[in-house]
Amino acid sequence: MSFNEVAVIGAGQMGSGIAHVCALAGYKVQLIDMTMDRAEAGIATITGNMNRQVTSGRISESEREAALDRIRPADGYGQIDQADLVVEAATESEEVKRSIFTEICPLISDDAIICTNTSSISITRLASATDRPEKFMGLHFMNPVPVMELVELVRGIATSDETFEAVRTLAERLGKQWTSAEDFPAFIVNRILLPMINEAVYALYEGVGSVEGIDKAMRLGANHPMGPLQLADFIGLDTCLSIMQVLYDGLADSKYRPCPLLVKYVEAGWLGRKAGRGFYDYRGDHPVPTR
């Protein structure tokens, strides 16, 4: 099984990145969101990122132009029947994702495969919202998609070998390294990463260190490329909280309890870079710690 056209649902940070790498790899891409303004904003993000790739010499100008020509924005599912692969990259909410699958299944080709970019939610449960659980699996890209090499491939209980092999081949064609993860809450990367971030928030909450002190300690003491609180802002604090809640609910272990300070920041709308404020305030010329 091979793919010619990919429909990406969600034109935000992850969806635009997935559309970006698919188009560069030669696939036709539909970038779908709720409004045309959002879909076109995704195209603008892709254009800016590709321009930087040209400037750095990673791609040529002709490759950039050809890739952009392969992407078309859409504010609905009017042409989704032309796609042989659908990649859902909506917000990290099981309710939202299930509603999308329920809506698209009657519209897409019988042969089309559906993948979800969820970073934590059960693939088997999401597959149950479709009419093709054997043609459904997790394809979890890392952020930022054009830069990060890894994708996690996650099978649900019903995912067929043919589906897995087709999606694995796609990942390789996109130039990604892949790892196969079992369908447990948060899979591999976030099962390890998010509890570390949550513990860093606890260290801040308990006064063990300041925002700058905690991030500096992990950059220089553990050789991390960025501190855990800076990384949380980059991921989005709402996404971090959602993943911790999935871990806490799914594994029933108190060590995964979300830090109350993380909850408070999300309740305040301080979601990180995308909101202009999180553990750092990004509204000035330079990020400033908020605690």
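Author: A residue counts as buried when its relative accessible area is under 20%. The model discussed here is predicted. By that cut-off, four of the five residues of strand β2 (residues 28-32) are buried, and the strand is mostly covered.

Reader: What makes β1 and β2 a pair, and in which sense do they run?

Author: Two strands pair if at least two bridges are found between them. β1 and β2 are joined over five bridges, therefore they meet this requirement. Their sense is parallel. One position of this pairing can be located directly: E5 stands opposite K28 in β2.

Reader: Which strand, β1 or β3, has A74 as the bridge partner of I32, and how do you know that β2 pairs with it?

Author: The bridge partner of I32 is A74, in β3. Strand β3 (residues 71-74) and β2 share four bridges, and the requirement is at least two, so the two strands pair. They too run in the parallel sense.

Reader: What is the hand of the unit made by β1, helix α1 and β2, and what does that term mean?

Author: The unit of β1, helix α1 (residues 13-24) and β2 is right-handed. The term means that, with the strands pointing away from the viewer, the path from the first strand over the helix to the second runs clockwise. The crossover from β4 through helix α4 (residues 94-104) to β5 is also right-handed.

Reader: What makes strand β4 covered on its two faces?

Author: In strand β4 (residues 85-88), L85 and V87 lie on one side, and V86 and E88 lie on the other. All four are buried, and both faces are therefore described as covered.

Reader: Which strands pair with β4, and how many bridges join each to it?

Author: Strand β1 (residues 5-9) is joined to β4 by four bridges, and four bridges also join β4 to strand β5 (residues 113-116). Each count satisfies the requirement of at least two bridges, so each is a pairing. Both pairs run parallel. On the β1 side, A7 has V86 as its bridge partner; on the β5 side, E88 stands opposite T116.

Reader: Why are α8 and α9 called roughly perpendicular?

Author: Helix α8 (residues 211-221) and helix α9 (residues 228-235) pack at an angle of about 100 degrees, with their axes 7 Å apart. Angles of 65 to 115 degrees count as roughly perpendicular, and the term therefore applies to α8 and α9. The contact involves V211, I214, D215, M218 and R219 of α8, together with P228, L229 and Q230 of α9. By class, these comprise five nonpolar, one polar and two charged residues.

Reader: What makes the phi of A186 and that of N223 worth noting?

Author: Each is positive in a residue that is not a glycine: phi is near 75 degrees for A186 and about 60 degrees for N223. A186 is found in the loop between β8 (177-181) and α7 (189-205), whereas N223 is in the loop between α8 and α9.

Reader: How do you know whether A186 is buried or exposed, and whether N223 is buried or exposed?

Author: A186 has 0% relative accessibility, which is under the 20% limit, so A186 counts as buried. N223 has 68%, which is over the 50% limit, and therefore counts as exposed.

Reader: How do you know whether the peptide bond from N143 to P144 is cis or trans?

Author: Omega of this bond is near 0 degrees, and the bond is cis. P144 is found in the loop between β6 (136-141) and β7 (150-155).

Terms used:
Residues are numbered from 1 along each chain as its sequence is written. This is a predicted model: local features need pLDDT of at least 70, side-chain atom pairs count only at pLDDT 80 or more; totals for chains, interfaces and linings use all residues. Side-chain values use heavy atoms; hydrogens and water are left out. Axes are lines fitted to C-alpha atoms, for helices over the stretch in contact, and angles run from 0 to 180 degrees between N-to-C directions. Angles under 35 degrees count as roughly parallel, over 145 as roughly antiparallel, 65 to 115 as roughly perpendicular and the rest as oblique. Contact means heavy atoms within 4.5 Å. Ala, Val, Leu, Ile, Met, Phe, Trp, Tyr, Cys and Pro count as nonpolar, Asp, Glu, Lys and Arg as charged, and the others, Gly among them, as polar. Buried means under 20% relative accessible area, exposed over 50%, partly exposed in between (1.4 Å probe, protein chains only).
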